Amino acid sequence: MAASKPRAVISGGAGFIGSHLCEALLASGNRVLAVDNFITGSPDNLRALQDNPDFELRQVDVNKGVFIDGDVRYVLHFASPASPPQYDSNPIHTLKVGTVGTMNMLGLARAKEATFLLASTSEVYGDPLVHPQPESYWGNVNPIGPRGCYDEAKRCGEAFAMAYHRAHQVDTRIVRIFNTHGPRMQVADGRAVPNFMAQAIHGEPLTVYGDGSQTRSLCYVSDLVRGVLAALERGDELPVNLGNPHEVTVLELAKTIIRLAGSNSGIEHKELPVDDPKQRRPDISHARELLGWQPEVGLEDGLARTLEYFRSVLK
């Protein structure tokens, strides 16, 4: 490895967003150490990087401590189950990785005098009473509902980041990530895009919860990664929304995916899950001003790219 290059440590590096970030960090001239416990991530997501001398992958549970030799310039904490089926299956681990895991990664950043970036989430806004959601909105979260293990862990993670910034002068960043899609999403992720795409490809009815009038705003992964790198380079300690402000109803999304897939699938309505957000759209004016960032990939273009990936894995 070229020791002159800055080194980034990323937890959840074998996950969907984490693996794309590893590629982008390498491409921007960093050495990268990805750590992952493979509960939801997969080494397959990083197979293209395995022969890169500037890349290393280690199996690590960040809840049990993070001990890294050598220099570290950036610490990015992306480890966490990120969809309702994943955190329903691992609620205690989800709580711990957002709290204890965040503290351990912040401890690494403090020890190495590194810049720390927390992957937070739009779920800190809960089922929002303000629309679109600006960073100044404190949210409407049910702490004891089925989503509480994820939502409150991320909110606590933000509090940890601010506490380390204030008490120990750690250089911290917080990005609140809205719905993101692209290659390497898990087929059984449980969220709308993977569900709809798998069902459309197989000619099965697309499952829409409720009447489908609830909205989502979908950002393509390449845009999201650009935003994360911009936050790492130009951000400050306060949270910044990263997402695509183009809002679409879930029913419109289902119909668009059926059309793009050339599928004959119908639509099947089921009961709306508890605490399912009715609206989700980021106010990204702060990201535009602070980072000079906004998404560039349109909804249908991004969905077509994601669909191509799902066709390749659903053979």
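Let me start with helix 5, residues 192–201, and helix 7, residues 250–261, which in this predicted model pack at an angle of about 40°, with their axes 9 Å apart. That angle makes helix 5 oblique to helix 7, because the oblique class takes in what is left once angles under 35 degrees, over 145, and from 65 to 115 have been assigned elsewhere. As for handedness, the crossing in which helix 5 passes helix 7 is right-handed.

On the side of helix 5 the contact is made by A192, V193, F196, M197 and A200, and on the side of helix 7 by V250, L253, A254, I257 and A261. If we sort these residues by character, the contact of helix 5 with helix 7 comes out as 10 nonpolar, with no polar and no charged residues.

Now to the sheet, which is open and is formed by 7 strands in the order 3-2-1-4-5-6-11, with parallel pairing. Its edges are strand 3, at 55–59, and strand 11, at 239–242, each of which pairs on one side only, and from one strand to the next the twist averages 20°.

Within that order, let me pick out strand 4, residues 74–77, and strand 5, residues 115–121, which run parallel and are joined by 4 bridges; you can locate the pair by Y74, which stands opposite T115 in strand 5. Helix 6, residues 221–234, packs on the sheet, where it touches strand 4, strand 5, strand 6 at 172–177, and strand 11. The direction of helix 6 makes about 160° with that of strand 6.

Conventions:
Residues are numbered from 1 along each chain as its sequence is written. This is a predicted model: local features need pLDDT of at least 70, side-chain atom pairs count only at pLDDT 80 or more; totals for chains, interfaces and linings use all residues. Side-chain values use heavy atoms; hydrogens and water are left out. Axes are lines fitted to C-alpha atoms, for helices over the stretch in contact, and angles run from 0 to 180 degrees between N-to-C directions. Helices (H or I, at least four residues) and strands (E, at least two) are DSSP runs, numbered from the N terminus. A crossing is left-handed if the near helix is turned anticlockwise from the far one by less than a right angle, and right-handed if clockwise. Contact means heavy atoms within 4.5 Å. Ala, Val, Leu, Ile, Met, Phe, Trp, Tyr, Cys and Pro count as nonpolar, Asp, Glu, Lys and Arg as charged, and the others, Gly among them, as polar. Two strands pair if DSSP finds at least two bridges between them.
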